[in-house]
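Open the model in your viewer and keep the sequence panel visible. We will go from stop to stop, selecting as we go.

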Amino acid sequence: MRIIKADRVITGDGKTVLENSSVALDGAQIAGIGTLEELRQKFPQADIHTMEGHSLLPGLIDMHVHISGLYRRPEKQEMQENPAYLMLMVYKHLQDALSVGITTLRGVGEAKHIGAAIRGGYRKGYIKGPRYITCERSLTRTGGHGSTGEVAKIEVDGPWNLRHAVRSNIKEGADWIKVMDSHRGHFSEFTLEELCAVTDEAHRLGHKCCIHAGTEQSVAWAVEAGFDSIEHGAYLEEDLAQKAIEKGLAWVPTIYVYENSVDYMKKVTPNPTKADLAGIKFLEDTVKGYHRNFLRNYKKGILVAAGTDICFPEMFITPLQEEIKTMIRYGLTNLEAIQCATQNGAKVLGMADEIGTVAEGYCADLLLVAGNPAEDIDALDRVQEVYRNGELVYSANN
């Protein structure tokens, strides 16, 4: 056993900070929380790991990653032709995620079998990384968003064909089903009948589903069809947010990447075409939508979870701290934003009694940072140690 002595424990519930508290680990589980004296008395044989000036909080949960994405990568063709090369990139991304305190990832559209390979590697002891929840390949309509130039999709049309695609993805190992339903135009790329077929089939087979819905009609139909989590969703206006709350749907807004996409697209298109300018305007309008809707929807009670959605090769694959800081700039408190990246993600995954909270009996997924992120959110950048299931999987000293 081990007792980690820090200055404080941030539990992940959006409000609780336990000062002068320690956490006892027994294998993969949290065995107790209390003062060092209390835990020593309860676990006299435990080793003491003292980290003065540090805070303990739950391991972070990134709900929107494309860990095998090849968009704009110069080595794209080589990786498409050589899956072994692709897996080396995936492995690096897993280690990068650990280095910033992420202990759970949800992959929302990967190359075929990537999710299954990651978890097989964990199970066989070949590699270590964050817990991985996979959608496997995303579903897109013919000619729709994500249908060209990538291997991380199933191009499919029609309600019964979509039901078959859901079944195929589950056969390949998908935990969730992911649909791509919008690009730049303010319409849904699938019909409402098609979207309802996906949610019905996924739920009938005991799986959750999420949807890329970044425009007006796509958001409205995502809510109508009952997708468990709406990805992006800047146009989740007040009436739609209320319907989503009543249906128990969650929102993964990914604000940070959209804010940065505006400058990124201006940089990579120094001589923009008419289509480029339209794309940049769409991104600018999307950011305005977040400013209009995010804080109000949060206060109304929609379940918000944090995700990153990085697809640009020049950017770090999982800048979850930046998404947390962005939510704070939009009006959340430090603890509320941390909750979005911990407990709320666990709730969306249906794992709220296992991960996302520092509590007795939960998985010992822990992040140790220098400083106090309840007061100074930049402390999240000073990652000292990361534990997954009680095992030290990252240390800044190594």
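Select Val348. Its relative accessibility is 4%, so Val348 counts as buried. Here buried means under 20% relative accessible area, exposed means over 50%, and partly exposed lies in between, with a 1.4 Å probe and protein chains only. Val348 sits in helix α13, residues 343–349. Helices (H or I, at least four residues) and strands (E, at least two) are DSSP runs, numbered from the N terminus. Now add Lys208 to the selection. Val348 and Lys208 are 140 residues apart along the chain, yet their C-alpha atoms are separated by 9.3 Å.

Before moving on, some ground rules. This is a predicted model, where local features need pLDDT of at least 70 and side-chain atom pairs count only at pLDDT 80 or more, while totals for chains, interfaces and linings use all residues. Residues are numbered from 1 along each chain as its sequence is written, and side-chain values use heavy atoms, with hydrogens and water left out.

**Stop: the three-stranded sheet**

Select β8, β9 and β10. These three strands form an open sheet in the order β8-β9-β10, with parallel pairing. Two strands pair if DSSP finds at least two bridges between them. Strands of a sheet pair through backbone hydrogen bonds, either parallel or antiparallel.

Which strands stand at the edges? They are β8 (60–65) and β10 (131–134). Each has a single partner strand, so one side of each is left without a neighbour in the sheet. The twist averages 15 degrees from one strand to the next. Axes are lines fitted to C-alpha atoms, for helices over the stretch in contact, and angles run from 0 to 180 degrees between N-to-C directions.

Zoom in on β9, residues 102–107. Six of its six residues are buried, so β9 is largely enclosed by the rest of the structure. β9 pairs with β8 in the parallel sense over four bridges. β9 and β10 also pair in the parallel sense over four bridges.

Now trace individual bridges:

- Asp62 has Leu105 in β9 as its bridge partner.
- Leu105 in turn has Tyr132 in β10 as a bridge partner.
- Thr104 stands opposite Arg131 in β10.
- Gly107 is bridged to Thr134 in β10.

Stay with β10 and show its side chains. Are its faces covered or open? Both are covered: Arg131 and Ile133 on one side, and Tyr132 and Thr134 on the other, are all buried.

Add helix α4, residues 114–124. Together, β9, α4 and β10 make a right-handed β-α-β unit. A crossover is right-handed if, with the strands pointing away from the viewer, the path from the first strand over the helix to the second runs clockwise. Turn the model and follow that path yourself.

Next, pick Val65 in strand β8. Val65 has a relative accessible area of 1%, so it is buried. Add Gly109: it is 44 residues from Val65 in sequence and 8.0 Å away in space, C-alpha to C-alpha.

**Stop: the six-stranded sheet**

Select the strands β3-β2-β7-β18-β19-β20. In that order, these six form an open sheet with mixed pairing. β3 (17–19) and β20 (391–395) stand at the edges, each with a single partner strand, so one side of each is left without a neighbour in the sheet. Neighbouring strands of this sheet are turned by 20 degrees against each other on average, direction ignored.

Pick out β18 (366–370) and β19 (383–388). They pair in the antiparallel sense over four bridges. One bridge to find joins Leu368 to Glu385 in β19.

**Stop: two loop residues**

Select Asn20, in the loop between β3 and β4 (22–26). Asn20 has a positive phi of about 50 degrees although it is not a glycine. Its relative accessibility is 42%, so Asn20 counts as partly exposed.

Jump to Asp309, in the loop between β17 (303–304) and α11 (320–329). Asp309 is not a glycine either, and its phi is positive, about 60 degrees. At 10% relative accessibility, Asp309 counts as buried.
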